[in-house]
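I opened a notebook for this structure today. My plan is to look up one thing at a time and write down what I find.

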Amino acid sequence: MTDKRTDISTLGEFGLIDRISSGFTLRNTSSLRGIGDDAAVIDAGEEVMLLSTDMLVEGIHFDLSYTPLQHLGYKAVAANVSDIAAMNGKPEQIIVAMAVSNRFSVEAIDALFEGIRAACDEYKVDLVGGDTTASPAGLVINVSVLGRTKKGNEVYRSGAKDNDVLCVSGDLGGAYIGLQILEREKEVFLANPNMQPELDKHEYAVGRQLRPKARMDIIYELADLGVKPTSMIDVSDGLASELMHISKNSKAGVRIFEDKIPIDQDAFNTAVEFNLDPFTCALNGGEDYELLFTIHQADVEKLKNHSDIQMIGYIHADPTQNVLITKNGNVVPLKAQGWVHF
Ligand code: ADP
Ligand code: MG
C-alpha cells in the first residue's frame, strides 16, 4: 500500500470492474467464465450453472418516496432473472440478502417480500436462502440468482460475428422516462404537498421504471423458433452501453439505425412533453431489462415478423467503428454513458 489516493470517479464503474478482474485468475476448471458477462458460467456436467447478483441501494437505485416496496422486491428479482435470460438460461433459485434500518416496519418488509414472492411465482424461481442484517440508515437489497442451461446452449456477449443482425426485444427508454416523471412529480409534491401526483397519464413509462419484467418469454420463444442468438446481453445500463459491451467482447463493430430503435408511443409522447429526446432516453436511459442480441443472417426470416423483436442494425468487422445512422442519414459514433454512480 502507498499513500496514493485515486478517486473512483477517475475509473468509473466499468474501469473499476476491469481493475478488480485483472487481479484474479480462475483456478477451478469448473469456472468456465468469470467476471465479464451477465452471469458467471459454471461447469455442471451436461449442463452449466449460471450465477449472478445485483444490489439495490436506497438513495442510489431507488427512492422510497415514490417506490412501493412490493415493486422494489419484484424489480430486484426481475433484474437478476434478466441476467440469466441474457445468458440464454433458465433461472431456478434466488437468495436474498438485505440490510434494513429500524426505520422500516415488519409490514414494510412484508410488502418487500410480497413483491419478491410475486416475481418468484412469475419466473418460477425458488427463494432458497439469504442474509438479514441491520443497517445504520437506508435499505440495501441484494439478490443473487442461480440458473442453468444445457452446456453449449449458453450465450455470451462475445459471440457476435461480421454480418450478424442486431435485435432488441420490446421497447426502450420507457424506464428512464418513467424515472424522470417520478422525479419531477416528487419535486412538485415537495414544493406543495397538497398537489396530487399525476402519474396515471404516464402509466406505461412509470410501470417500466417501477416494475420491469425480465424477458424470459423471449428466451422460450427463441428456443421454440429454433433460434440461438450468437451473442446476448440485457439492457440494464442503456442500449448504447450494451452495444459497446457486445462490440468490445465480440471484437466487432456495431452499426445501428436510429429509426429502427423501438420506443413505445406513449413513452415517446411523454418524453417530448418533458422536453427529453426519446432516442437519447432509449440509447442512454437504462433499466429497460430488454434483451439485446445478435442472430445469424440465416435466422432473420424466423424473426422478421415477430411483433416484439426489432432488428436495429448489423455487426461488422471493425471493432473501432461503432456507429448510429441517424434519421437524416448522418453517421455518428456511439457513446456509452451507462450509469454514473460515482
Ligand atoms: P450486469 O449489468 O449484467 O449486472 P455489471 O455491469 O453489473 O453486469 O457487471 C459486469 C461484470 O462485472 C459481471 O460479470 C459482474 O459479475 C462483474 N462484477 C461487477 N462488480 C464486481 C465486483 N465487485 N467483483 C467482481 N466482479 C464484479
Ligand atoms: Mg446484464
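**Entry 1: terms and a loop residue**

I start with the words for chain segments: helices (H or I, at least four residues) and strands (E, at least two) are DSSP runs, numbered from the N terminus. I also note that this is a predicted model.

With those terms I can place Asn275, which lies in the loop between helix 8 and helix 9. Its phi is positive, about 65°, although Asn275 is not a glycine. Is Asn275 buried or exposed? I find a relative accessibility of 72% for Asn275, so it counts as exposed.

I looked up another residue of this kind. Lys124 is not a glycine, yet its phi is positive, about 55°. I place Lys124 in the loop between helix 3 and strand 5 (126-134). Lys124 has a relative accessible area of 62%, so it is exposed.

**Entry 2: helix 8**

Next I went to helix 8, which covers residues 265-273. At its start, a side-chain oxygen of Asp264 comes to within 3.0 Å of the backbone nitrogen of Asp266. Just after the helix comes Asn275 with its positive phi.

Which residues of helix 8 are buried? I list Ala267, Thr270 and Ala271. Looking down the helix axis, I see the buried residues fall within an arc of 100°, so they line one face of helix 8. What covers them? The cover includes helix 4 (174-191), helix 5 and helix 9.

**Entry 3: salt bridges**

I searched the whole structure for salt bridges. The search finds 21 of them. I followed up three pairs.

The side chains of Glu47 and Arg148 form one, at 2.4 Å from N to O. Glu47 is in strand 3 (residues 47-57) and Arg148 is in strand 6 (residues 140-150). They are 101 residues apart, so I note a link between distant parts of the chain. Glu47 has 25% relative accessibility and therefore counts as partly exposed. Arg148, at 29%, also counts as partly exposed.

Arg103 and Glu58 form another, at 2.6 Å from N to O. Arg103 sits in the loop between strand 4 (90-100) and helix 3 (106-123). Glu58 sits in the loop between strand 3 and helix 2 (69-85). The pair therefore ties together parts that are 45 residues apart in sequence.

In the third pair, the closest N and O atoms of Glu290 and Arg215 are 2.9 Å apart. I find Glu290 in the loop between helix 9 (278-284) and strand 10 (291-295). Arg215 is in the loop between helix 5 (203-210) and helix 6 (216-225). This pair ties together parts that are 75 residues apart in sequence. Glu290 is at 1% relative accessibility, so it counts as buried. Arg215 is buried too, at 9%.

Where do Glu290 and Arg215 fit in a wider network? Salt bridges link them with Asp171, Arg208, Asp217, Asp288 and Asp308.

Why can such pairs form at all? Side chains of opposite charge can pair when their charged atoms come close.

**Entry 4: the magnesium ion**

I then looked up the magnesium ion (ligand 2). Which residues coordinate it? The donors are Asp38 (OD), Asp83 (OD) and Asp234 (OD), at 2.0 Å. Along the sequence, the spacing of the donor residues is D-x44-D-x150-D. Asp38 lies in the loop between strand 1 (31-33) and strand 2 (40-44), while Asp83 lies in helix 2. So Asp38 and Asp83 tie together parts that are 45 residues apart in sequence. I checked their burial as well: both Asp38 and Asp83 are buried.

**Entry 5: ligand 1**

I listed the residues around ligand 1. Among them are Phe14, Ile17, Ile20, Ile35 and Gly36. Asp38 and Asp83 are in this list too, and both coordinate the magnesium ion (ligand 2).

I noted these distances to oxygen atoms of ligand 1:

- A backbone N or O atom of Gly36 is 2.8 Å away.
- A side-chain N or O atom of Asp83 is 3.0 Å away.
- A side-chain N or O atom of Arg157 is 3.2 Å away.

**Entry 6: Ala79**

My last stop is Ala79, in helix 2. Its relative accessible area is 2%, so Ala79 is buried. What is Ala79 in contact with, leaving aside neighbours within four places in sequence? I find Asp54, Asp234 and Tyr289. Asp234 is also one of the magnesium donors. I also looked at Thr53, which is 26 residues from Ala79 along the chain. The C-alpha atoms of Ala79 and Thr53 are separated by 9.0 Å.

Technical notes:
Residues numbered from 1 in each chain as written. Chains lettered and ligands numbered in written order. Predicted model: local features only at pLDDT ≥ 70, side-chain atom pairs only at ≥ 80, totals over all residues. Heavy atoms only, no water. Salt bridge = Lys/Arg side-chain N within 4 Å of Asp/Glu carboxyl O. Buried < 20%, exposed > 50% of the residue type's maximum accessible area, 1.4 Å probe, protein only. Donors = N, O, S within 2.8 Å, 3.2 Å for Na, K, Ca; no water. Arc of directions from axis to C-beta. Contact = heavy atoms within 4.5 Å. Polar contact = N/O pair within 3.5 Å; in protein donor to acceptor, adjacent residues only side chain to side chain. Near = heavy atom within 4 Å.
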